[in-house]
Amino acid sequence: METNVENIPGGTLRSERIAGGILPKVLNSFDMVAIFVAIVLFASNGAVMAGGAGPSAYLYWTLGFITFLIPGAIVTGQLGLMFPNEGSIYIWTNKAFGPFMGFFAGFCAWWPGILVMIATGDGVVSLIQQLNSSWLTEPWQQGLIIFLVIVFSFILSILRFRVTQNFVNVIFVAYGGAILLVGLAGLLAIFGGHPAPVDYAGHNWLPVPSTWTFYGTVILALLGVEVPLNMGVEITHPRSITRYLLWGSAVVIAGYLLITFGVMNAVKPVSAQGSPAAIAQAVQSSFGAVGPFLGVIVNIIFIGFFLFNTAVYNYSFGRLLFVSGLDRRMPAVISRVNANKVPWVAVLTQSIIAAFFTIITFVIAPYALNTGLKPADLSTVIYDILQAAVTVIWCVSMVILFIDVIIIRSKYHEDFIRARLAPDWVFYVCSILGLLASAVGVYVTFTGPWTSLISYQQWILWIGGIGVISLIIGIALFFVGQRSVKGDVSDEEIIAQTTA
């Protein structure tokens with residue numbers, strides 16, 4: 001008979017005890033870096049910064065790295081070394097605040113992954129359109145492609161994990177090569193004697209009120225530092241935790257700077273720099289006769305990246321559902337694993353939810369609702385609203401993360417000291433910087449509408465309404481799950497049910 005300590009703040013969860021015996025250890029340091037980059041480094045963000053902020057983009061990136069990415073990596077590394085379990089923030093917050101906040105933090109971290117899968121599918125659509133602007137012009141066609149991307153991600157995510165990760169690693173290397181080409185395009189544009197399309201006058205390097213919102217854009221571009229540790233028990237060695245945070249952060253920093261640099265110097269006119277298409281355009285315009293060919297190659301690599309990236313989101317966020325199932329915060333069936341030792345029901349559940357929202361956004365709403373907007377415009381509005389609302393929720397989870405480390409330092413001081421990565425004052429500084437940066441991310445999402453197709457008031461109402469409803473759903477799920485928690489179920493019984 002198992003002693004039920006799950007309702008004791010900081011008590012051991014069933015998932016902590018048994019997840020490591022169910023899932024195999026397969027992830028090495030390189031795998032973790034590839035996952036981290038897939039989650040965080042979206043090349044299109046570099047183009048947005050280049051076209052919107054001009055030379056001040058470099059300062060905004062630097063501020064974001066110092067105030068958000070690096071503090072997030074330090075805090076994640078400390079918590080990951082102390083509690084290298086499956087579920088990352090779900091486990092850490094349970095240690096700091098108990099089961100309710102643990103589940104709530106896990107929900108806030110999980111929910112964004114669902115709709116980001118739609119975003120990566122939409123990235124595939126945009127890149128296909130760059131190959132031929134007459135393709136995929138109707139919302140239903142775009143929705144069909146996104147649906148197929150989600151189906152592909154499901155199939156890839158339930159294979160043997162080593163096989164899936166090998167595919168992701170290959171795409172990661174190709175993606176890195178494409179980003180290097182974009183950076184090289186910027187150098188060739190400079191040394192080719194062509195005048196820079198951007199005004200590099202001194203005053204343009206400094207932030208001004210009209211560009212302050214781009215700091216928020218940077219924060220939103222750097223979300224996800226803790227996600228690879230959703231698979232904490234599947235890591236082969238604890239040193240992979242600090243290595244992926246160190247090298248992954250370095251790759252993300254270099255990648256965003258290279259893309260911003262390449263687009264800013266190689267793409268003309270400046271008005272074209274803010275588009276995702278500017279990335280391939282930079283390569284096309286700087287490599288002479290082979291430029292058009294290389295531009296197509298870069299585009300194809302980026303399509304592959306977003307295609308496999310969707311699978312990374314699917315299997316990494318699925319682990320949060322898996323541990324919730326083990327702890328019976330969610331239906332027991334959701335923790336089932338297949339013959340490959342992959343939590344396939346959790347992945348399937350996410351895929352169904354993402355597919356549902358895709359059909360609503362791109363197939364039903366654009367043609368069924370009479371809003372006065374064109375079908376394509378309406379699908380854009382719905383998509384932007386959903387993504388912005390989820391961004392706010394993701395920032396809420398980061399707020400909890402930066403508070404977790406301070407509480408855990410106090411409650412588990414001896415364990416904290418044994419795994420300490422830096423002096424205590426560093427964690428206080430990281431917590432303060434991370435909290436402020438996360439707050440800015442929420443603020444600019446509310447105050448800076450992503451589309452001009454609806455009014456500012458409508459934007460705030462929709463974002464706030466969806467955000468509040470989502471958080472209420474998370475709270476309700478906890479109390480529903482609480483009724484199903486049974487203290488007289490042994491670990492052996494749960495393992496048998498999970499692997500049946």
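This section describes the enclosed spaces, the open pockets and selected local features of a predicted model.

A search of the whole structure finds 2 cavities of 30 Å³ or more. The largest cavity holds about 100 Å³ of space. Its lining consists of Y90, F103, G106, F107, W110, L320, L321, S324, M330 and L477. Two or more of these residues come from each of α6 (99-131) and α12. Helix α6 gives the most, with 4 residues. By class, the lining of the largest cavity has 8 nonpolar residues, 2 polar residues and no charged residue.

The second largest cavity encloses about 60 Å³ of space. A34, V37, A38, V168, I171, F172, F305, F308, N309 and V312 form its lining. The elements with two or more residues in this lining are α2 (29-40), α8 (161-191) and α12. Here α12 gives the most, again with 4 residues. The lining of the second largest cavity divides into 9 nonpolar residues, 1 polar residue and no charged residue. Helix α12 thus recurs: two or more of its residues line the largest cavity, and 4 line the second largest.

The open spaces were examined next. About 1,400 Å³ of space lies in the largest pocket. Its lining comprises 47 residues. Nearest the centre of this pocket lie S44, N45, V48, Y383 and W450. At least two lining residues come from each of α2, α3 (43-53), α6, α9 (213-221), α12 and α14 (375-411). Helix α14 gives the most to the lining of the largest pocket, with 10 residues. The lining of the largest pocket includes 27 nonpolar, 17 polar and 3 charged residues.

The second largest pocket contains about 510 Å³ of space. It is lined by 24 residues, and I382, I385, L386, W462 and I466 are the closest to its centre. Helices α6, α13 (344-368), α14 and α17 (456-482) each give two or more residues to this lining. Helix α14 gives the most in this pocket too, with 7 residues. The lining of the second largest pocket has 21 nonpolar residues, 3 polar residues and no charged residue. Charged residues are therefore absent from this lining, where Asp, Glu, Lys and Arg count as charged.

Attention then turned to helix packing. Helix α1 spans residues 14-22. Its buried residues are R14, S15, E16, I18, A19 and I22. These buried residues pack against three helices, α5 (89-97), α12 (291-326) and α18 (491-499).

A buried glutamine was examined in helix α7. Q142 is found in this helix, which covers residues 139-157. The relative accessible area of Q142 is 12%, so Q142 falls under the 20% limit and is buried. With neighbours within four places in sequence left aside, Q142 is in contact with V125, Q129, L136, T137 and F362.

One of these contacts, L136, has a backbone feature of its own. Phi of L136 is positive, at about 55 degrees, although L136 is not a glycine. L136 sits in the loop between α6 and α7. Its relative accessibility is 15%, so L136 counts as buried under the 20% cut-off.

R328 also has a positive phi, near 60 degrees, in a residue other than glycine. R328 is placed in the loop between α12 and α13. The relative accessible area of R328 is 10%, and R328 is therefore buried by the 20% limit.

A further backbone feature concerns a proline. The peptide bond from K268 to P269 is cis, with omega near -5 degrees. P269 lies in the loop between α10 (239-266) and α11 (278-286).

How values were computed
Residues numbered from 1 in each chain as written. Predicted model: local features only at pLDDT ≥ 70, side-chain atom pairs only at ≥ 80, totals over all residues. Heavy atoms only, no water. Buried < 20%, exposed > 50% of the residue type's maximum accessible area, 1.4 Å probe, protein only. Contact = heavy atoms within 4.5 Å. 1 Å grid on protein atoms, 1.4 Å probe; cavity = no way out; pocket = protein on both sides within 12 Å on 5 of 7 lines; lining within 4 Å. Points joined across faces, edges and corners; volume = space filled by probe spheres on them.
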